[in-house]
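Take a look at the fold below before reading on. The walk-through starts at one loop and moves outward.

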Amino acid sequence: MLGWVPLRPIRVPSAVLALVLLLGLVAGPAAASDELPTAQDGAPAVNLEGTWHVLVHYKDSQVGNPDMERWEDRVWVFRKEHNRMIWIDYPIVAFDNKSGRFGAVSGNPRARILHYWEPNAVQLQELSRGPKVNSRGSREKRLRPSEDGWRSYGEASAAGAMTITFTTHWFVDDASGHPVFRMEDSMGSATLDSIEGGTRYATESIEKDGDVLRGRFDRDGTRTGTFRLLRTAPVRGLGSKEEQQERIRNREAERFRRQVQEAAGATAEEAPAGASGQR
C-alpha cells in the first residue's frame, strides 16, 4: 500500500538560479521585439501620429452626371499633446508637378479634372519630402480619449430664437485597429429643426506596416467611394507671400510665352498659302 512520502527540498546553487532568471529576462523581450504590435485581427497596429496625404475617389449622386469619376485630396496631421490628440485638416494641397489634377473646364482654369487622379512618380517623390499645404481653410480640433479612440469635446452654447449655430465634432473610432474617421456637422436654432451631415472614412485594409490605410468613403450618403491614407514626411508651407506672388508671375509669364509660340506657329503655317495666292 502506497503512503504519502514527503518530498525533500532541492537546493539550487544561487549562481544557477541567477543564470536562469537572467535568461528568462533576456529571452522574453527579444522574442516580443521581433514582431510589430498587432490589432485583434492580426493586422499591424496603426500609429496615427504624423502626417497623412488623404486621397478620395468618389461619385456624386446629387449632380447631373452622377457616373463621372471625381477626386479630392487633403492632408491630415495628428499630434499628441499630453493626453490629448491634435487633429489638423488641410483641404488645399499644392504640387510642383500638377499633371492630371486641374484643367480648364467650362471656363474655370482651376477645375478638378473628372477622373480618378493618382499621383505619378514625381508627385509621390514630392509627398515623400513632405506635402505642400495652404493654411487657408484649415481646421484644427483637440480630441480627448474615448472608449476605443478619440473624440472632440465642447458643446455649442444654447441657441436663441434668432441665432443659428453651427457645430462640428470629430471622432476617431478603433484608433489602433482599423480607424474610422468621422466629421459630424449640425446647424440649427431654438425655433428651427437642426440640419445634420457628416463625412466618414472607414478603414478596411492596412498596408506597409501601418503606413497605408484604405477603406470606404461616405459624405452625407451622396458622395460615396474609396479613400487612401499615405503616411508622408511633415508638411511644408507654400512659402512667404512674396514667394507665392513670384510663382504666380512665373506661371503667367510661361502661359504668355506659350501663347506667343502657338500664335507664331499658326502664322508660319498660314504664310506659304498666302504667298502662293499672290503669285
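Is glycine 210 buried or exposed? Glycine 210 is buried, with a relative accessible area of 1%. Buried means under 20% relative accessible area, exposed over 50%, and partly exposed in between (1.4 Å probe, protein chains only).

Some ground rules come next. This is a predicted model, where local features need pLDDT of at least 70, side-chain atom pairs count only at pLDDT 80 or more, and totals for chains, interfaces and linings use all residues. Residues are numbered from 1 along each chain as its sequence is written, and side-chain values use heavy atoms, with hydrogens and water left out.

Back to the loop. Glycine 210 sits between β12 and β13. Beyond its neighbours within four places in sequence, glycine 210 contacts Pro44, Val46, Trp52 and Arg231. Contact means heavy atoms within 4.5 Å. The C-alpha atom of glycine 210 is 9.9 Å from that of histidine 178, 32 residues away along the chain.

The flanking strands form a hairpin with 4 residues between them. In its turn, lysine 208 has a positive phi of about 50 degrees. Strands β12 (residues 195–207) and β13 (residues 212–219) run antiparallel, joined by 8 bridges. Glutamate 207 has valine 212 of β13 as its bridge partner. Strands pair if DSSP finds at least two bridges between them.

Now the whole chain. It has 3 helices and 14 strands. These are DSSP runs numbered from the N terminus: helices are H or I with at least four residues, strands are E with at least two. Of the 279 residues, 30% count as buried. Among contacts with a separation of 6 or more, 54% join residues 24 or more positions apart.

Next, the interior. A nonpolar core is a set of buried Ala, Val, Leu, Ile, Met, Phe, Trp, Tyr and Cys residues joined through side-chain atoms within 4.5 Å. The largest has 23 residues, and Trp76, Phe78 and Trp87 are among those with the most contacts inside it. Elements giving two or more residues to this core include β2 (70–81), β3 (84–90) and β10 (165–173). Its largest share, 4 residues, comes from β1. A second, separate core of 14 residues includes Leu55, Trp71, Leu127 and Leu230. Tryptophan 76 touches residues such as Trp52, Trp87, Phe181 and Tyr201, leaving out those up to four places away in sequence.

Then the charges. The structure holds 14 salt bridges. Each is a side-chain nitrogen of Lys or Arg within 4 Å of a carboxyl oxygen of Asp or Glu. Glutamate 72 and arginine 219 form one (3.0 Å, N to O). Glutamate 72 is in β2 and arginine 219 in β13, so the pair ties together parts 147 residues apart in sequence. Glutamate 72 is buried at 7% relative accessible area. Arginine 219 is buried too, at 17%. Both belong to a salt-bridge network with Arg74, Asp89 and Arg139.

Glutamate 81 pairs with arginine 142, the closest N and O atoms being 3.4 Å apart. Glutamate 81 lies in β2 and arginine 142 in β8 (residues 139–145), so this salt bridge ties together parts 61 residues apart in sequence. Glutamate 81 is partly exposed at 27% relative accessibility, and arginine 142 is partly exposed at 37%.

Last, the surface. Ile164, Phe166, Met187 and Ile195 make a nonpolar patch of about 430 Å². Methionine 187 lies in strand β11 (residues 180–188). Its relative accessible area is 37%, so methionine 187 is partly exposed. Such a patch joins nonpolar side chains (Val, Leu, Ile, Met, Phe, Trp, Tyr) within 5 Å, from residues with over 30% relative accessible area and no salt bridge; like charges are joined within 9 Å. Accessible areas come from the Shrake-Rupley method with a 1.4 Å probe; for residues, only the protein chains shown count as cover.
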